[in-house]
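Open your viewer and keep the selection box handy. We will go stop by stop, with something to select at each one.

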Amino acid sequence: MNQIYWPSVFFLIFGALACGFAVAVLLTANIVRMAFYLVLSLAATAGLFFLAGQDFVGAMQLLIYVGGTLVLLIFGVMLTSQERFVSMKTMAGDWLIGLGAGAALLFLLVIAATSVPNWRGRDAAEVQQMQVEKTAAPIAMGLLGARVDQINEPAQANIVRSGYLLHFEIVSIHLLVVLIGAAYLARAKRKPASVPTT
Amino acid sequence: MDSLLTLANLLTEAPGVAHFMAVGAVMFVCGALCMATKRNALGVLMGIELVLNGANMNFVAFGSRQLHNGGNFLGLDGPLMALFVIVLAAAEAAVALAIVLNFYNNHDSIDVDRADQLQG
């Protein structure tokens with residue numbers, strides 16, 4: 001019975017990578033190294049998403065987050081990395097207070113996560129018999145307003161089978177407004193127009 | 001202390017929601033400390049990304065059918081909330097980067113401690 005359960009091994013590998021590089025982001029003072037460690041940490045997070053069976057979210061994490069957002073951040077690092085800003089040390093007092101508060105918060109969160117029996121793992125044999133389901137189609141239909149995942153459940157008056165079309169529209173418009181705003185904020189300053197001498 | 005033992009002997013057991021939440025908690029705390037202690041404005045932004053990912057981990061774990069072991073189940077809400085968080089994080093990074101670059105152009109510095117003009 002005590003066979004090694006391989007998904008757990010991969011969980012340990014990806015979890016250790018994600019946590020370790022997150023701690024490395026916190027501990028290093030060099031902004032370029034922070035960006036690199038952040039890329040690795042978020043990529044390992046995508047691996048954890050795959051292990052949880054959410055393949056679509058994991059793929060989007062790699063595409064949008066690692067491929068888009070972090071490249072944007074690295075552009076920011078390259079545009080501002082003058083010699084004196086590459087390595088900015090945190091003061092010792094900040095470290096002391098921060099690490100104390102952080103350790104307390106971490107202790108609280110982990111205790112809360114492990115104290116609920118329903119949140120513990122299933123039996124490994126039971127999980128291995130489950131069908132691997134594809135998650136992209138239900139998510140896409142949900143964004144269009146149709147909940148195909150609830151289609152077989154008995155109709156009840158108090159269950160509202162609503163999709164996510166409104167949320168999708170709100171996020172779309174939000175993204176449009178934000179990108180226009182960002183382009184406006186970051187535009188190149190126009191030099192004062194030289195008065196033409198006639 | 002007994003509850004912490006559920007995180008041990010993982011090699012022969014399937015990981016559960018609690019394990020994912022523990023990883024998410026570590027990322028959340030690291031991100032929060034980054035936001036609090038980094039003096040580089042881009043370091044603060046990276047802390048925000050870590051916090052959002054730590055929270056995303058919980059959404060994904062609670063929406064996963066193979067981790068679900070009784071109790072409340074998020075279903076499709078979990079992955080969709082995670083997707084919305086990813087998109088909003090991209091939007092937030094774009095605006096925050098624009099603000100940081102503006103600050104850098106105006107003040108010739110990226111130290112957040114120098115941004116004290118609004119201080120009374």
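Start by colouring chain A by secondary structure: from the N terminus on, its elements run α-α-α-α-α-α-α-α. That comes to eight helices and zero strands. Keep in mind as you look around that this is a predicted model.

Stay with chain A and colour it by burial. Of its 198 residues, 25% are buried. If you draw a contact map, look at the pairs with a separation of 6 or more: 48% of those contacts join residues 24 or more positions apart.

Next, select 1-131 and 134-189 of chain A in two colours; these are domain 1 and domain 2. Place a centre on each one, using C-alpha atoms, and the two centres are 26 Å apart.

Now zoom in on helix H2 of chain A, residues 31-51. Its 21 residues reach 30 Å from the first C-alpha to the last, close to the 30 Å expected at 1.5 Å a residue. Just after H2(A), click on Gly53(A), where phi is positive at about 85 degrees.

Time to move to chain B. Select 41-62, which is helix H2 of that chain. How many of the 22 residues of H2(B) are buried? The count is 19, so H2(B) is mostly covered. Put a distance label between its end C-alpha atoms and you get 33 Å, which agrees with the 32 Å that 22 residues should span at 1.5 Å a residue.

Add helix H3 of chain B, 77-107, to the selection. The axes of H2(B) and H3(B) come within 9 Å and cross at roughly 175 degrees. The two helices are therefore roughly antiparallel to each other, since angles over 145 degrees count that way.

Show side chains where these helices meet. On H2(B), the residues include Leu45(B), Glu49(B), Leu52(B) and Phe59(B); on H3(B), look for Met81(B), Val85(B), Val100(B) and Phe103(B), among others. The residues of this contact divide into 17 nonpolar, two polar and one charged.

For the last stop, show both chains together. Here 74 residues of chain B are in contact with 82 residues of chain A. On the chain B side, helix H1 (17-37), helix H2 (41-62) and helix H3 (77-107) each supply at least two residues. Which helix gives the largest share? That is H3(B), with 21 residues. Colour the side of chain B that touches chain A by class to finish: 51 nonpolar, 17 polar and six charged residues.

Technical notes
Residues are numbered from 1 along each chain as its sequence is written. Chains are lettered from A and ligands numbered from 1 in the order in which they are written. This is a predicted model: local features need pLDDT of at least 70, side-chain atom pairs count only at pLDDT 80 or more; totals for chains, interfaces and linings use all residues. Two residues are in contact if their C-beta atoms, placed from the backbone, lie within 7 Å. Helices (H or I, at least four residues) and strands (E, at least two) are DSSP runs, numbered from the N terminus. Ala, Val, Leu, Ile, Met, Phe, Trp, Tyr, Cys and Pro count as nonpolar, Asp, Glu, Lys and Arg as charged, and the others, Gly among them, as polar. Domain bounds come from an automatic or database domain assignment. The expected span of a helix is 1.5 Å times one less than its number of residues. A residue is buried if 20 or more other C-beta atoms lie within 10 Å of its own, exposed if 12 or fewer, and partly exposed in between; C-beta atoms are placed from the backbone. Axes are lines fitted to C-alpha atoms, for helices over the stretch in contact, and angles run from 0 to 180 degrees between N-to-C directions. Angles under 35 degrees count as roughly parallel, over 145 as roughly antiparallel, 65 to 115 as roughly perpendicular and the rest as oblique.
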